[in-house]
Amino acid sequence: MLLLYSIKRLPTPQLRFTLFHRLVLWHILYFFSDALWALVNDSVLPKNTFSVLAVNYSNAIIAAILFYSCFIYAEMSTRPEMTRVQIRHLQSRLRIPIYVEIVLLLVAFLVAPDFWLDENLEPCNLYYFILSFLPFVYIMTVTVRCIVRGLKPQNRQNLKTYLVIASYTPGCIVAAGLQIFLSLTTPVFCFWCTMIILFVYLNSQNQLISTDPLTSLNNRNQLQRYLLLQREAKSSYVIMVDIDHFKQINDTCGHMEGDRALVLISRALKNACGRLKMSIFLCRYGGDEFLMIAQTKKPDDVLKVVRECLKEEIKNRKGPQNYTLEASMGYASWDGRAATFRDSVVNADQKMYEDKRSTIQPLDPSLQPLVSSL
C-alpha cells in the first residue's frame with residue numbers, strides 16, 4: 001500500500017506507471033483474498049461449503065487478473081514502441097480467457113458444489129489445476145517473450161529491464177510450490193511477490209531518473225552512464241537527428257503540437273532501431289535533437305531506415321497537419337572511448353547542419369502546407 005501511494009504521487013504521465021499502479025493494486029487485492037482463504041481454511045472464520053467455494057473462487061479470478069496485469073505491464077515495459085491503441089487491442093484479447101473463467105467457474109461451483117470439495121471441505125485437484133492454468137500460461141508466455149527480446153542486439157542496453165521482468169516467473173513457481181507442498185497457510189508466495197514488486201519499483205525509479213518523460217527515450221544522464229560502460233569498439237558511429245523549423249512549429253502551432261512532433265520523431269527512431277539488427281543506443285540529446293550510437297560499418301544504411309520510418313510515421317500521423325515536418329541528419333565515426341565522444345558529436349553536428357542547409361528552404365510561417373513530408 002505504501003508502494004501504491006508512492007506510485008500515485010509520481011509526477012509522470014507515462015502509461016507504464018499507470019499499468020504498474022494497477023499491477024500493485026491487484027497484488028494487494030490478491031493478498032487480502034489469500035488472507036481470507038487462510039482464515040476460512042483454519043476455521044478462524046466459519047468453514048462451510050459456501051465460504052470455502054467463495055474464497056477459492058475469489059482467489060482463482062483475482063490470480064488470473066493479477067497475472068494478466070503482469071503480462072500487460074511486461075509488454076509495455078519491453079515494447080516501448082507500442083501505441084495506446086495497440087495496448088488496448090492486446091488488453092481486449094487477453095481479457096477473453098478471464099471472462100470465460102469467471103462465468104464457467106461460477107456456474108460449475110453453483111451447479112455441482114460437492115464435486116469440487118472432499119469430505120474435509122478441501123478443494124479437489126481439478127480446482128488447483130484451474131487455479132494455476134491461466135496464470136501459468138500468462139506468465140510463461142511473457143517470460144519467453146522477454147527472454148527472446150533481451151537476446152536481440154538492439155535491446156542489449158535495456159537488458160536489466162528484461163531480466164527483472166523475466167525473473168518474476170521462476171520465483172512465482174518456486175514460491176507457489178513451497179507454499180503448496182510445505183505450508184498452505186504460510187504466505188510464501190505473497191512474500192516473494194512483495195519483494196519482486198519492490199525490485200521492479202526501484203528499477204522503474206532508476207529508469208525515471210534516466211528517461212526523458214515526454215518521449216520515453218534515454219536522456220543525457222543515461223548517455224553518460226552508457227559512455228562510462230563503453231570499451232574500445234570498432235565501426236561505431238554517432239548519428240545526430242534534428243527537427244527542422246521546430247521553433248516555428250512551436251510559435252505558429254503551439255507548444256502542444258511541438259510536443260507531438262517530438263513524440264512522433266522519437267517513435268520513428270524507436271521503430272528504426274527495432275528494424276535494424278544491430279546494437280543501437282538512442283537518446284533525446286536536448287530540445288529537438290536526438291542522438292544515436294550505432295555499431296555498424298554502414299551508417300548510410302542506418303540513415304536510410306530512419307528516413308523510411310519517419311516517412312511512415314508522418315504519413316500515418318493523426319491530428320492537424322498544417323505544417324511540414326522534416327528532419328536533418330549527420331553522422332561521424334567514433335572509436336568507443338569516452339574521451340573522444342565529444343569530438344564525434346561535434347563532427348556529426350556539423351554534417352547534420354550541412355544536410356539541413358542543403359535540403360531545406362526557409363519556411364514562411366504564413367504558408368499552410370497541406371501534406372507533411374520529409
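This text goes from the whole chain to one helix and two of its residues.

The model is predicted. Its mean pLDDT is 82, and 87% of the residues reach 70 or more. Confidence is under 50 over residues 363–374, although the model has 26 contacts beyond four places in sequence for this segment.

The protein has 13 helices and 4 strands. Of its 374 residues, 49% count as buried. Among contacts between residues at least 6 apart in sequence, 74% join residues at least 24 apart. The protein exposes about 19500 Å², and carbon and sulfur atoms supply 62% of that area.

Helix α4 spans residues 84–111 and contains Glu 101. Glu 101 is buried, yet it has no salt bridge. The nearest side chain of opposite charge belongs to Arg 95, and it is 14 Å away. A salt bridge requires a side-chain nitrogen of Lys or Arg within 4 Å of a carboxyl oxygen of Asp or Glu. Leaving aside residues up to four places away in sequence, Glu 101 touches Ala 60, Ile 61, Ala 64, Leu 106, Ile 130 and Leu 134.

Leu 106, one of these contacts of Glu 101, also lies in helix α4. Its side of the picture is the surface: Leu 106 belongs to a nonpolar surface patch of about 760 Å². The other members of the patch are Ile 96, Val 100, Val 103, Leu 104, Val 107, Leu 110 and Val 111. Patch residues need over 30% relative accessible area. Leu 106 can count towards the patch because its relative accessible area is 39%, which makes it partly exposed. Leu 106 thus touches the buried Glu 101 and is also part of the nonpolar patch.

Terms used. Residues numbered from 1 in each chain as written. Predicted model: local features only at pLDDT ≥ 70, side-chain atom pairs only at ≥ 80, totals over all residues. Heavy atoms only, no water. Helix = DSSP H or I, 4+ residues; strand = E, 2+ residues; numbered from the N terminus. Buried < 20%, exposed > 50% of the residue type's maximum accessible area, 1.4 Å probe, protein only. Lys, Arg positive; Asp, Glu negative; His and termini not counted. Contact = heavy atoms within 4.5 Å. Patch = residues over 30% accessible without salt bridge, like charges linked within 9 Å, V, L, I, M, F, W, Y side chains within 5 Å. Areas by Shrake-Rupley, 256 points an atom, 1.4 Å probe, with all protein chains shown as cover. pLDDT = per-residue confidence, 0-100.
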